[in-house]
Protein chains: 2
Amino acid sequence: MTHPALGQVELPDLLHALSDPVRLNIVRCLARDGECACGSFSVSVSKSTLSHHLKVLRQAGLTQTRPDGTLRLISLRRVELDERFPELLESVLSCR
Amino acid sequence: MTHPALGQVELPDLLHALSDPVRLNIVRCLARDGECACGSFSVSVSKSTLSHHLKVLRQAGLTQTRPDGTLRLISLRRVELDERFPELLESVLSCR
DNA sequence: TATATTCTTCGACAGAGGTCGAACGAGGTG
DNA sequence: CACCTCGTTCGACCTCTGTCGAAGAATATA
C-alpha cells in the first residue's frame with residue numbers, strides 16, 4: 001500500500017487508470033463524497049476486483065489510502081494532481 | 001473509414017484512446033502541425049501498427065480522415081471534441 | 001482466545017489489445 | 001497496361017488486464 005510520487009507518474013498511466021468505467025465511477029464517487037471506505041462503493045464487481053481497481057488508481061497517483069481500524073479510507077489526491085496535471089481531473093469530472 | 005458521432009462516444013473510450021504513448025504522441029503531432037498524412041508521423045512502430053492506432057483514434061472520435069490521392073490526411077476534431085468533452089483535450093495537451 | 005469484519009493477495013481464466021509481416025486495394029504515373 | 005506509392009486488412013502471436021473465488025492478513029470485539 002505505497003503511494004507513488006506524482007512526479008514519476010506519466011500521463012498515459014493516469015489516462016489508462018481513468019479509462020475503465022468501474023474506476024471512473026469510483027473516482028466520481030470520491031470527488032462527490034470525499035473520503036470513502038472501500039466497502040462503500042456501489043460497484044458491480046466482486047470484492048477482489050474492486051480491490052484490484054483501487055490498487056490501479058492508487059498506483060496511478062489518483063488516490064491515497066489510509067487505514068482506520070479494519071477500514072481503508074480512500075481519497076483523491078486533488079491538490080497534487082492539479083499541480084502535476086493541471087485541470088485534467090476537473091475536466092474529466094465535468095464530463096457527463 | 002467511418003467517423004462516429006461524438007454524441008455516442010463515451011468518456012472511457014476517449015481516455016482509453018489517449019492512454020497509449022504512441023497514440024498520445026500522434027495526437028500531440030496533430031495538435032502542433034495540423035492536418036498530417038499517415039506517413040508523416042515519426043513513430044517507432046510498423047506501418048500496420050500505426051494504421052491500427054490511427055483507427056483507434058478515429059473510432060474514439062479524436063480524429064477525422066480524408067483521402068487525397070493515395071494519401072490519407074488526418075486531423076483532430078477539435079471543435080466537436082471541445083463541445084462534447086469541454087477542455088479535456090486542451091488539458092491533456094498541456095501536460096508535459 | 002475465538003470470532004467477526006474488512007480488505008488484500010493468490011492462482012486461474014478469458015478476453016482485449018499491441019505488435020509484426022504478408023497480402024491486398026486504391027490511386028497516381030510511366 | 002504495368003508499375004509504384006500509400007495505406008488498410010488479415011492472421012498470428014504474446015502480453016496485459018479485468019474477473020472471480022479461495023485463502024490470508026490485520027484489526028476489532030466478545
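The chat below goes through the DNA-facing surfaces and one sheet of this predicted model.

Q: Let's start with DNA strand D: how many residues surround it, and which are the closest?
A: In this predicted model, DNA strand D is surrounded by 19 residues, and the closest are Ser46(A), Thr49(A), His53(A), Gly39(B) and Ser51(B). Of the atoms of DNA strand D that come within 4 Å of the protein, 67% belong to sugar and phosphate.

Q: What does the backbone of Ser46(A) do there?
A: A polar backbone atom of Ser46(A) is 2.7 Å from a phosphate oxygen of DNA strand D, and a polar backbone atom of Gly39(B) is 3.0 Å from a phosphate oxygen of that strand.

Q: And which side chain has an N or O atom 3.2 Å from a base nitrogen of DNA strand D?
A: That side chain belongs to Lys47(B). As for secondary structure, the elements that give two or more residues to the surface near DNA strand D are α3 (47-59) of chain A and α3 (47-59) of chain B, with α3(A) supplying the largest share, four residues.

Q: How do the residues of that surface near DNA strand D divide into nonpolar, polar and charged?
A: Three are nonpolar, 12 are polar and four are charged.

Q: Switching to DNA strand C, how many residues surround that one?
A: DNA strand C has 21 residues around it, the closest being Ser51(A), Ser46(B), Ser48(B), His52(B) and His53(B). Sugar and phosphate make up 67% of the atoms of DNA strand C that come within 4 Å of the protein.

Q: Which polar side-chain atom lies 2.9 Å from a phosphate oxygen of DNA strand C?
A: It is one from Arg23(B), while backbone atoms also reach phosphate oxygens of DNA strand C, with a polar one of Ser46(B) at 2.7 Å and an N or O atom of Cys38(A) at 3.2 Å. The elements giving two or more residues to this surface are α3 and β3 of chain A and α3 of chain B.

Q: Since β3 of chain A came up, in what order do the strands of its sheet run?
A: The order is β1-β3-β2 in chain A, an open sheet of three strands with antiparallel pairing. Because β1 (36-37) and β2 (63-68) of chain A stand at the edges with a single partner strand each, one side of each is left without a neighbour in the sheet.

Q: How many bridges join β1(A) to β3 of chain A?
A: Two bridges join β1(A) to β3 (residues 71-76) of chain A, and the bridge partner of Ala37(A) in β3(A) is Leu73(A).

Q: Which helix lies across those strands?
A: Helix α2 (residues 21-33) of chain A lies across β1, β2 and β3 of chain A, at about 85° to β3(A).

Note on methods: Residues are numbered from 1 along each chain as its sequence is written. Chains are lettered from A and ligands numbered from 1 in the order in which they are written. This is a predicted model: local features need pLDDT of at least 70, side-chain atom pairs count only at pLDDT 80 or more; totals for chains, interfaces and linings use all residues. Side-chain values use heavy atoms; hydrogens and water are left out. A residue is near a molecule or strand if one of its heavy atoms lies within 4 Å of it. A polar contact is a pair of N or O atoms within 3.5 Å; within protein, one must be able to donate a hydrogen and the other to accept it, and residues adjacent in sequence count only if both atoms are side-chain atoms. Ala, Val, Leu, Ile, Met, Phe, Trp, Tyr, Cys and Pro count as nonpolar, Asp, Glu, Lys and Arg as charged, and the others, Gly among them, as polar. Two strands pair if DSSP finds at least two bridges between them. Contact means heavy atoms within 4.5 Å. Axes are lines fitted to C-alpha atoms, for helices over the stretch in contact, and angles run from 0 to 180 degrees between N-to-C directions.
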